[in-house]
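Welcome, and thanks for taking a look at this one with us. Please have the sequence and the 3D view open side by side as you read.

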Amino acid sequence: MPVLQSYIAGQWFGETAAKALPSAINGETIAHTHEETIDFAQAVEYGRNTGVKSLLALDFQQRAAILKELAIYIQGRKEELYEISHHTGCTRPDSWIDIDGGFGTLFTYASTGRKELPSGNVAHEGPVAQLGKNNHFNGTHILVPRRGVCVHINAFNFPIWGMLEKFAPAFLAGMPCIVKPATATSYVTEAAVRVINDSGLLPEGALQLIIGGTGDLLDRLEEQDFVTFTGSANTALKLKGHPNIMARSIPFNAEADSLNSAIMAPDVTPEDEEFDIFAKEVVKEMTAKAGQKCTAIRRVLVPADHLDALTDKIKERLSRITAGDPKEEGVRMGALSSADQLRDVNEAIDRLLETSECVFGKDGSFKPVGQGVENGAFIAPHLLVSRDPLKDGGAHDIEAFGPVATLMPYNGIEEALTIAAKGKGSLVTTLTTKDPAIAAQMIPVLAAQHGRLQILDAEASKESTGHGSPLPMLKHGGPGRAGGGEELGGIRAVHHYLQRTAIQGSPTMVAAVTREYVRGAKVIENDVHPFRRHFDDLQVGESLLTHRRTVTEADIVNFGCLSGDHFYMHFDDIAARKTQFGQRIAHGYFVLSAAAGLFVYPGEGPVLANYGLDTLRFITPVAPGDTIRARLTCKRKIDQGRTSPEGHPQGVVMWDVEVTNQEDELVASYDILTLVAKRQ
Ligand code: NDP
């Protein structure tokens, strides 16, 4: 049997077998942890020096590009991982969540980084605040990579997704990761890290792997480091309270077990399509990954009148689920991930039965299929009913981390909300209702206690990604008992690994630091029109102040006829006089078009396309007789490594545009986005 190895300081490490790790399907040993002790001083030193250095030799955009390549590479080798994942008790759809969900998260973060992060390693989080009357002193925020290591301590249930969903935002941010998977399923994580290493895509020191315990690692962490944790609330509490983590204010993000609910609203009756949809969702969440998901539905709130009907419906669906070795035909539910988990889940069910009764799962008819399954970690789905859910304790406190859910009858919306809140903060709740007014009433109350809320009706169910699926672009994490953390959520998750710092100074200094033109900063003016400069040559701050144009009555009439916009403000003198402007004014879009006419260089050149405007505001009205001019300034350059369809490299340039009138008042302000060709 193989001995799993840690990957520390760029070397695979560990030869001697220690703890045997059994297959969840048949109990046979499939790997051993290693006995040798890891030198954690070396691991953190290597991360902080080699890792940080090699990651910061790249910028946000380059790291985003690597994430995409890595996702493609893992995707190409995913079948090897499916083969290993099977031993954790997973069916193919279960493994899909872990494996495809894992590299899918890399794809999403690659795209998030590309779209939302700049070139370089300083992210500017505006807006810039003018702090002095005459714009000599500004303030804004920047986000920069922390110069430390991330320690990611993961749970057993998602050995690949759990690693990659934390690695992706940390890597994008520029922090090296030391990953510690749960020992029970660490053989899957080890296999994935070997695949990642084979890709040769990651810079040196970006990823280290611990097989086994963390030893003195947490004692060795420093102020710039970061810890994330997924697992039980007890361990979260213990690690969060670690004296070194507390003393050095090391950020600690926890995602702990959560007693998620699903609520069938009072408007849903057994005749409705939503009734079936709700029952199906509950059964799906009970049986996917044999209920071993932090997001699984544990408490099922149902209007008291419909308790019996819903119980029958869920029982009927559960009775159709075949459990066993996922390699057997027709198996829809696999095993728990280990014999330890089986013991824990059985104990939790016994404790739940002190306040509830079992209506499915205890009649002895459960027979998993497949060879050797009697030594596997299989358990029947258990459906319980708690008749007095307004009482604390029971299913509001005890998490059976398996295919177990408790039905809770309620009377009226207020009672449902009270019962849901007894989970003391959860990752997710699904509310099934047909009535938008009920959703509008209940969701804001539930939101205070949850990280994510799914509203599931017949329409949404056609495309729902499911109650239990955290999505990379949406927040994953919940308040209170759920750990109080936030793992995913698009760019927000990247920001966790970046230090946010306020900076103050003159506009020129702020522009130099943010690498973004700030109004009031010194501009660069020369004889070459900025639209004639290739991406490589153009500098942030290059600027053009145009000639002037006096707006006439004819402009307004012509623009109105051309566009078909005959709004009274431009064409009805009597009505316009009654408005706050006291006269007819030019169309805002005319001002925008006229400004383009002023600043655009008409000849062929490296500016290839204008693909949008941001932050457009019309500030001062323009009337016939007013004279306008524009200032066009290169605001930001982003090198996303793009090429044109013909293969010519290009970059994104954002231009700041200020349109002013004869009094130097700002009449329009916006950013233009263009694609600009590189020289080669
Ligand atoms: P634990 O909290 O025991 O373990 C989670 C992770 O923490 C594992 O990697 C574990 O490593 C590690 N760990 C445990 N103790 C320490 C320590 N003192 N120092 C450093 N690392 C430590 O959870 P389990 O995996 O045992 O699962 C127990 C329960 O947690 C489940 O039954 C379920 O209720 C809940 N859970 C919640 C999840 C969620 O996503 N919210 C996911 C999985 C479980 P090792 O495996 O080596 O002990």
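## A polar pair at Lys-78

Let us start with one side-chain pair: Lys-78 and Asp-100 make a polar contact through their side chains, at 3.0 Å. Bear in mind that this is a predicted model. Lys-78 is part of helix α3, which covers residues 78-85. Setting aside neighbours within four places in sequence, the residues in contact with Lys-78 are Ile-99, Asp-100 and Phe-103.

## How the protein is divided

Stepping back, the protein is split into three parts: domain 1 (40-256 + 492-499), domain 2 (261-470) and domain 3 (523-677). Note that domain 1 is given as two stretches of sequence, 40-256 and 492-499.

What lies between domain 1 and domain 3, and how much area is buried there? Their C-alpha centres are 42 Å apart, and six residues of domain 1 are in contact with five residues of domain 3. The area buried between the two is about 420 Å², with carbon and sulfur atoms giving 40% of it. On the domain 1 side, Gln-61, Arg-114 and Ser-119 supply 80% of the area buried against domain 3, more than any other three residues.

## Around the ligand

Now to the ligand, which has 24 residues around it. Which of them come nearest? They are Asn-154, Thr-183, Ser-232, Thr-235 and Glu-399. Sorted by class, the shell holds 10 nonpolar, nine polar and five charged residues. Domain 1 and domain 2 each contribute at least three residues to this shell.

Several N or O atoms of the protein can be paired with atoms of the ligand. A backbone N or O atom of Asn-154 sits 2.6 Å from a ligand oxygen, and a backbone N or O atom of Ala-182 is 3.4 Å from an oxygen atom of the ligand. From a side chain, an N or O atom of Glu-255 lies 3.1 Å from a ligand nitrogen. On its own the ligand would expose 870 Å², and the protein buries 78% of that. The elements that give two or more residues to the shell are strand β10 (226-231), helix α7 (233-240) and strand β11 (252-256).

## Backbone details worth a look

Most residues other than glycine have a negative phi, and most peptide bonds are trans. With that in mind, here are a few places to visit along the chain.

Which residues does a cis peptide bond join? Gly-126 and Pro-127 are the pair, with omega at about 0°. Pro-127 belongs to strand β5, residues 123-130.

Two residues that are not glycine have a positive phi: Arg-515, at about 55°, and Thr-615, at about 50°. Where are they found? Arg-515 is in the loop that runs between α16 (507-514) and β20 (543-545), whereas Thr-615 is within strand β22, residues 607-618.

Technical notes: Residues numbered from 1 in each chain as written. Predicted model: local features only at pLDDT ≥ 70, side-chain atom pairs only at ≥ 80, totals over all residues. Heavy atoms only, no water. Near = heavy atom within 4 Å. Polar contact = N/O pair within 3.5 Å; in protein donor to acceptor, adjacent residues only side chain to side chain. Areas by Shrake-Rupley, 256 points an atom, 1.4 Å probe, with all protein chains shown as cover. Helix = DSSP H or I, 4+ residues; strand = E, 2+ residues; numbered from the N terminus. Nonpolar A, V, L, I, M, F, W, Y, C, P; charged D, E, K, R; others polar. Domains from an automatic or database assignment. Contact = heavy atoms within 4.5 Å. Buried area = accessible area lost by both parts, 1.4 Å probe.
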